[in-house]
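Please look through the structure shown below, and then read on for a report on its cysteines, its aromatic rings and the empty space inside.

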Amino acid sequence: MITLRRNVLIFHQAAMGDFVLTWPIALACARLWPTNRIIYVTHESKGKLAERAIGTEFRDGEPLHPLFSSDAKLPESAMKLINGAVTIISFVSNGSDAWADNIRRLAPEAQLICVTRRPADPIDQHIMTYHAAQFGEIVQLQAAIGQMIGHVAASGATARRPVGSRVIIHPGSGGEDKCWPPDRFVDLATVLKAGGEDVHVVLGEVERERWSSDQMRRIGDVSALHHPDDLIQLFVLLQTAKLYIGNDSGPTHLAAISGVPTLALFGRDNESTWRPVGPNVRLIKQVPISDLPTEPVVEAVKEMLTSLADSGTSVNVADED
């Protein structure tokens, strides 16, 4: 029996911020091979997010975990997925490990591309460009990824959305050293509320643990609080924003790449590699971020809101370092 191979599988296991930065690769594959199925193999929550945001398919990565073991045996559904692959892009293997050996054994006709997710040493380029450079042996695909990175920077990765009405703030991040102090977010929200803005704040479990009861009360007094249950709820909420403000975090990357005007607060040196990408992104950097006062953030927000009001749509705004 002849197996029809038209799956392009993209294996990815890392955090949401890293995940959305791979979207130009998936979109480039879809443009280059329009009759193929572009399928992320990842955690269900991220897979559903990509399905909603950029139209890819997904499969839960859990049944394929045996690939990390020698001489892996896969469930029938997983074998069918692998056997149907024409191209496999992996962010989970270095190409010389048990995972890659299993793929070559189980899908010998599939083209395997192993992408180093993060460089070992600092680089002077954006992580999207770093990823694209690793497709050098596939000239057409590398060119398509490069073009898609440019498109995402100019127009975003998702469908054009109506202009929102809310200012949405997400004050969290995976690392506490990336977080602007809670009191300054409270002060920022207070100023915006006093200026007539409809302020909404997204709080994750980590923020609810780190923030004091007084900080929670104060932010609740000047904003509507949201606790999304999953990434789809977060994505839908972000679509209602006219402006998003956040730390160096996954939600900030998601807002930017979705075309939401975004002000990102950075507290590390390599913003050239990890800055959010989208059509309207402004970045304020201070190392450490705890030294960043409230006033320059308030001024940047006011400038962005004025530009948005003057244009009536999203506009590009210059960076401020």
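A disulfide is counted here when two cysteine sulfur atoms lie within 2.5 Å of each other. In this structure, which is a predicted model, that rule gives a count of zero disulfides. The case of Cys29 shows the reasoning, because its sulfur has its closest cysteine sulfur in Cys114, 14 Å away, and this is too far for a bond. Looking from the other side, Cys114 takes part in no disulfide, and the nearest cysteine sulfur to it is that of Cys29, at 14 Å. The surroundings of these two cysteines can also be described: Cys29 counts as buried, with a relative accessibility of 0%, whereas Cys114 is partly exposed, with a relative accessible area of 21%.

We turn next to the aromatic rings. The structure holds four aromatic pairs, and two of them are set out in the table.

| Pair | Distance between ring centres | Angle between planes | Arrangement |
|---|---|---|---|
| Phe19 and Trp23 | 6.2 Å | 85° | edge-to-face |
| Trp180 and Phe185 | 5.0 Å | 85° | edge-to-face |

Planes that are over 60 degrees apart count as edge-to-face, and the planes of Phe19 and Trp23 stand at 85°, so this pair is edge-to-face. The planes of Trp180 and Phe185 likewise stand at 85°, so that pair is given the edge-to-face label too. As for accessibility, Phe19 is buried, with a relative accessible area of 0%, and Trp23 also counts as buried, at 0%. In the other pair, Trp180 is buried at 1% relative accessibility, and Phe185 is buried at 1% as well. Phe19 and Trp23 also belong to a wider group, since together with Tyr40 they form one aromatic cluster.

Another ring, that of Trp274, has a charged partner: the charged end of Arg118 sits over this ring, 4.3 Å from its centre.

Both Arg118 and Trp274 appear again in the lining of the largest cavity. Rolling a probe the size of a water molecule over the atoms shows where empty space is left. How many cavities of 30 Å³ or more does the count come to? The count comes to one cavity of that size, and the largest cavity has a volume of about 40 Å³. Its lining is made up of His12, Asp18, Thr22, Phe91, Arg117, Arg118, Ile127, His131 and Trp274. Sorted by class, the lining of this cavity has three nonpolar, three polar and three charged residues.

Terms used:
Residues are numbered from 1 along each chain as its sequence is written. This is a predicted model: local features need pLDDT of at least 70, side-chain atom pairs count only at pLDDT 80 or more; totals for chains, interfaces and linings use all residues. Side-chain values use heavy atoms; hydrogens and water are left out. On a 1 Å grid over the protein atoms alone, a cavity is a set of points where a 1.4 Å probe fits but cannot get out, and a pocket is an open set with protein on both sides within 12 Å along at least five of seven lines; lining residues have an atom within 4 Å of a point. Grid points are joined across faces, edges and corners, and a volume is the space filled by probe spheres set on the points. Ala, Val, Leu, Ile, Met, Phe, Trp, Tyr, Cys and Pro count as nonpolar, Asp, Glu, Lys and Arg as charged, and the others, Gly among them, as polar. Rings of Phe, Tyr and Trp (its six-membered ring) pair if their centres lie within 6.5 Å; planes under 30 degrees apart count as stacked, over 60 as edge-to-face and the rest as tilted. Buried means under 20% relative accessible area, exposed over 50%, partly exposed in between (1.4 Å probe, protein chains only). A charge sits over a ring if NZ of Lys or CZ of Arg is within 6 Å of the ring centre and within 35 degrees of the ring normal.
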